[in-house]
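Good morning, colleagues. I would like to take a few minutes to walk through one structure, beginning with its charged pairs and ending with the chain as a whole.

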Amino acid sequence: MTNEHGDVVMTPEQRMHALVCAYVLGETNEAERAEVEAALAGDEKLRAEKARIEQTIGLVTSSLQTGDALSPQVTATRRRTTRAPRTS
């Protein structure tokens, strides 16, 4: 969807999906990170979506050929997200 200026306008759900993707890839700023973490805490469906995104990244990572690589940021994020879950 676009507005009268031709800018792409996202629904709140599309925006949160984009933020979760950025969060998983380690590309959110502090405010966005806090927003995503608060949303994840209260939404089981969103946590499942995050898990699917992380799984997709894992599939991409495992399918890379020798010599291929993800960016250092994505590699670090991948390592962080595949560790055992923290207990609260």
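Let me begin with Lys50, which forms a salt bridge with Glu54; their closest N and O atoms lie 2.7 Å apart. Please bear in mind throughout that this is a predicted model. Both partners, Lys50 and Glu54, belong to helix α3, and they are four residues apart, about one turn of the helix.

Are these two residues buried or exposed? Lys50 has a relative accessible area of 19%, and because the cut-off for buried is under 20%, Lys50 counts as buried. Glu54 is buried as well, at 14% relative accessibility.

How many salt bridges does the structure hold? There are two. As general background, side chains of opposite charge can pair when their charged atoms come close. Besides the pair in α3, Arg15 forms a salt bridge with Glu35, with 2.6 Å between the closest N and O atoms. This pair links distant parts of the chain: Arg15 sits in helix α1, residues 12-24, while Glu35 sits in helix α2, and 20 residues separate them. As for accessibility, Arg15 is partly exposed at 38%, and Glu35 is likewise partly exposed, with a relative accessible area of 29%.

I turn now to the packing of helices. Two packed helices are described by the angle between their axes and the distance between the axes. Helix α2, residues 30-41, packs against helix α3, residues 44-63, at an angle of about 120°, and their axes are 6 Å apart. Which residues make this contact? From α2 they are Ala39, Leu40 and Ala41, and from α3 they are Leu46, Arg47 and Lys50. Sorted by class, the contact has four nonpolar residues, two charged residues and no polar ones. Lys50 therefore appears in two roles here, as a member of the α2 and α3 contact and as the salt-bridge partner of Glu54.

Finally, the chain as a whole. It has four helices and zero strands, so that the pattern read along the sequence is α-α-α-α. Of the 88 residues in the chain, 20% are buried. If we take contacts between residues at least 6 apart in sequence, 42% of them join residues at least 24 apart. The chain exposes about 6,700 Å², and carbon and sulfur atoms supply 53% of that area.

Thank you for your attention.

Conventions: Residues are numbered from 1 along each chain as its sequence is written. This is a predicted model: local features need pLDDT of at least 70, side-chain atom pairs count only at pLDDT 80 or more; totals for chains, interfaces and linings use all residues. Side-chain values use heavy atoms; hydrogens and water are left out. Axes are lines fitted to C-alpha atoms, for helices over the stretch in contact, and angles run from 0 to 180 degrees between N-to-C directions. Contact means heavy atoms within 4.5 Å. Ala, Val, Leu, Ile, Met, Phe, Trp, Tyr, Cys and Pro count as nonpolar, Asp, Glu, Lys and Arg as charged, and the others, Gly among them, as polar. A salt bridge is a side-chain nitrogen of Lys or Arg within 4 Å of a carboxyl oxygen of Asp or Glu. Buried means under 20% relative accessible area, exposed over 50%, partly exposed in between (1.4 Å probe, protein chains only). Accessible areas come from the Shrake-Rupley method with a 1.4 Å probe; for residues, only the protein chains shown count as cover.
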